[in-house]
Amino acid sequence: MDNWVLRGANTLVKEKQQELPLGEGEVKVKVTYVLASNFDAVLYSGDSAARYPKTIGRFAVGRVTEAGKNCYGVERNTRVLLKPTRPCGKCLSCKTGKEDECSSPAVAGRDFDGFLRDFVVCKYTDVAPLPDSVNDTEALCTEAVAIAERIYDGLDLSAGSRVAVIGGSFAGNILAQVLQYHKLVPIVIDENRDALEKARACGIYYCFAADEDLAENLNEATSGQLCDAAVYTTCSKLDPALTMRVLAEGKCAVLAGFAPISFNIPARQLCDKNARLITVMSGYDYTDTAINLLVHDAVNIDVFEKEILSEFDPAAVYREMSEPNAAPANKMTIFKLIL
Ligand SMILES: [Zn+2]
């Protein structure tokens, strides 16, 4: 039984996992697949610090092998998503029983042990049963869909509104699809041709290169009005200042993604445009909504290349992902855990 523990920056160690006792209201899950994400990569590289030591791995699915007393809706053999976020238990909302409004949700791999290990024991409410129509690979995209749904809710725009999505790789592509499902009009902007082609293949009509024609293209797509919202995805390598350039006055800018990064947003332009700025770094409390969207085929993930590794060196994978010149992810690298 393996357990991949991050003991410090760039120090990922495979350890033997101890036998885990099962309490009332708890389930034991055999982890089957873990998605390697840029969030794990920044934890690995130390760009964003975990409270070491922590098992790495934010996105995972598995199968329940044991369920304790009083576990509702989950039993032995239920296929589940391991929820990547949990209530912090410390904020005012958590302390007053409104855990769904937690102001700083704990994230797997950073605040509590992640899932790159053979077995997880957790509360039955920390897993989400997966319908048969959502396969394991789709389920690994749940958090990206949940983030998108949270952005959609936060923007509160009417149908037909133009939303710029800056950065069209994995998270940006899924965001654009979710916005389109809700009848908004996404405009995907990227410098990566492959990302733009994938977005087009998913039915996104406006996909623009971040080049000298962008201003003209945007004018045409928005009838000269610019965008009703602009979302900058944090895995993008594009200039964050683009966010302000594409935004109409008095609208909302969003910073979103899995991994927090340091960059400068032009405050002067934010003020000049009288813009509102929100951040969405997790899909907390939107897991069930996201699974429901996947059931309804709101998101097509067939365009992403998948690499499933049954023998793997996760440190090498994370190292490659955290290279400064690494291309933004257009493929899903998945660890398959076999006992
Ligand atoms: Zn809380």
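Buried, in this talk, means under 20% relative accessible area; exposed means over 50%, and partly exposed lies in between (1.4 Å probe, protein chains only). Helices (H or I, at least four residues) and strands (E, at least two) are DSSP runs, numbered from the N terminus.

Some ground rules. This is a predicted model, in which local features need pLDDT of at least 70 and side-chain atom pairs count only at pLDDT 80 or more, while totals for chains, interfaces and linings use all residues. Residues are numbered from 1 along each chain as its sequence is written, and side-chain values use heavy atoms, with hydrogens and water left out.

Let me start with helix α4. Which of its residues are buried? Here is the list: Thr142, Glu143, Ala144, Val145, Ala146, Ile147, Ala148, Glu149, Ile151, Tyr152 and Leu155. That is 11 of the 14 residues, so α4 is largely enclosed by the rest of the structure. Now its length. The expected span of a helix is 1.5 Å times one less than its number of residues. For α4, residues 142-155, that gives 20 Å, and the end C-alpha atoms are 20 Å apart, which agrees. After the helix comes Asp156, with a positive phi near 50 degrees.

Stay in α4 and look at Glu149. Glu149 is buried, yet it has no salt bridge. A salt bridge here is a side-chain nitrogen of Lys or Arg within 4 Å of a carboxyl oxygen of Asp or Glu. On charge, Lys and Arg count as positive and Asp and Glu as negative; His and the chain ends are not counted. The nearest side chain of opposite charge to Glu149 is Arg150, 11 Å away. So what does Glu149 touch, leaving out residues up to four places away in sequence? Val178, His182, Tyr286, Thr289 and Leu293. Contact means heavy atoms within 4.5 Å.

Next, Ile174, in helix α5, residues 170-181. Its relative accessible area is 0%, so Ile174 is buried. Leaving out residues up to four places away in sequence, Ile174 touches Cys141, Ala144, Val145, Ala148, Val299, Ile301 and Phe304. The C-alpha atoms of Ile174 and Ala199 are 8.8 Å apart, with their positions 25 residues apart along the chain.

On to the salt bridges. The count is 14. Take Arg58 and Glu143: their closest N and O atoms are 2.9 Å apart. This pair links distant parts of the chain, with Arg58 in the loop between β4 (54-55) and β5 (59-67), and Glu143 in helix α4, 85 residues apart. Both Arg58 and Glu143 are buried.

Second pair: Asp136 and Arg79, with 2.7 Å between the closest N and O atoms. Again the pair links distant parts of the chain: Asp136 sits in helix α3 (residues 136-139) and Arg79 in strand β6 (residues 79-82), 57 residues apart. Arg79 is buried, at 14% relative accessible area. Asp136, at 22%, counts as partly exposed.

Third pair: Arg268 and Asp272, at 3.2 Å, N to O. Both lie in helix α9 (residues 267-272), 4 residues apart, about one turn of the helix. Arg268 is exposed at 62%. Asp272 is partly exposed at 47%. There is also a network of salt bridges linking Asp2, Lys14 and Lys16.

Now the zinc ion. Which residues are its protein donors? Cys88, Cys91, Cys94 and Cys102, each through SG, lying 2.3 to 2.4 Å from the zinc ion. Donors are N, O and S atoms within 2.8 Å of the metal (3.2 Å for Na, K and Ca); water is not among the atoms, so sites may look incomplete. In sequence, the donor residues are spaced C-x2-C-x2-C-x7-C. Why is the arrangement tetrahedral? Because the 4 donor atoms subtend angles of 103 to 117 degrees around the zinc ion. Four donors count as tetrahedral if all angles lie between 85 and 135 degrees; four count as square planar and six as octahedral if opposite donors are over 155 degrees apart and all others between 65 and 115; anything else is irregular. Two of the donor residues are buried: Cys94 at 9% and Cys102 at 6%.

Last, the backbone. The Tyr52 to Pro53 peptide bond is cis, with omega near -10 degrees. Pro53 is in the loop between α1 (38-45) and β4. Leu226 has a positive phi near 65 degrees and is not a glycine. Leu226 lies in the loop between α7 (214-221) and β14 (227-233).
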